[in-house]
Amino acid sequence: MNKVSKVKEFITGTLSGTIVGAFLGAVMIIVGLVLTSTVIGAIIGIPLIIVGAIFMLAGPFSGVFSCFSAIEGKCPYCGDIIKTLKTKKGVNCNSCKQRIIIRNGQYYNIEDAAKL
Ligand SMILES: [Zn+2]
């Protein structure tokens, strides 16, 4: 197990959910306000503002955006720091070009991943 590298989440699902939710919500509200300035645009604009507001409020409380959560850890081959998205099944190391397998938020080399 000494080749297994601990991976820490440098952005939690909740935090990234808040950021992504707030950003998308803000964009929707701005677009909605612009659209609402025209009468026909208000048909799309008003629901967009409402959805945007829900996004901004719901972000911190939902795991909807947790797929944007990123993890950071050492390459099991060369020890270089690798950052990638939590949802990925694997990643290639930038330094040694070896294939790293991601299981349960941890980095494994191919040999150890096959034993799991
Ligand atoms: Zn490497």
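This tour moves through a predicted model, from the whole chain to a hairpin, a core and a sheet.

**The whole chain**

Begin with the full chain in a cartoon view, where 3 helices and 6 strands can be picked out, and follow the elements from the N terminus in the order β-α-α-β-β-β-β-β-α. If you colour by burial, 21% of the 116 residues count as buried. Turning to contacts between residues at least 6 apart in sequence, 51% of these join residues at least 24 apart.

**The hairpin of strands 2 and 3**

Next select residues 70-74, which are strand 2, together with residues 81-85, which are strand 3. The two strands run antiparallel and are joined by 5 bridges, and they form a hairpin with 6 residues between them. Within the turn, pick G79, whose phi is positive at about 85 degrees.

Showing the side chains of strand 2 lets you tell its two faces apart: I71 and G73 belong to the covered face, whereas A70, E72 and K74 belong to the uncovered one. From the uncovered face, take E72 and look across to strand 3, where its bridge partner is K83.

Is I71, on the other face, buried or exposed? I71 counts as buried because 21 other C-beta atoms lie within 10 Å, the cut-off for burial being 20 or more. Add K86 to the selection as well: K86 and I71 are 15 residues apart along the chain, while their C-alpha atoms are separated by 5.7 Å.

**The largest nonpolar core**

Now select C75, I82, I100, I102, Y107 and Y108, the 6 residues that make up the largest nonpolar core. Strand 5 (99-103) and strand 6 (106-108) each supply at least two residues of this core. In soluble globular proteins, nonpolar side chains tend to be buried together.

Centre the view on C75 and, leaving aside its neighbours within four places in sequence, display its contacts, which are D80, I82, C93, S95, C96, I100 and Y107.

**The sheet of strands 4, 5 and 6**

Finally, select the 3 strands that form an open sheet in the order 4-5-6, with antiparallel pairing. Strand 4 (90-92) and strand 6 stand at the edges, and each has a single partner strand, so one side of each is left without a neighbour in the sheet. On average, and with direction ignored, neighbouring strands of this sheet are turned by 30 degrees against each other.

To end, zoom in on strands 4 and 5, which run antiparallel and are joined by 3 bridges, and find G90, which stands opposite I101 in strand 5.

Note on methods: Residues numbered from 1 in each chain as written. Predicted model: local features only at pLDDT ≥ 70, side-chain atom pairs only at ≥ 80, totals over all residues. Buried ≥ 20, exposed ≤ 12 C-beta atoms within 10 Å, placed from the backbone. Helix = DSSP H or I, 4+ residues; strand = E, 2+ residues; numbered from the N terminus. Pairing = 2+ DSSP bridges. Contact = placed C-beta atoms within 7 Å. Core = buried A, V, L, I, M, F, W, Y, C linked by C-beta atoms within 7 Å. Axes fitted to C-alpha atoms, helices over the stretch in contact; angles between N-to-C directions.
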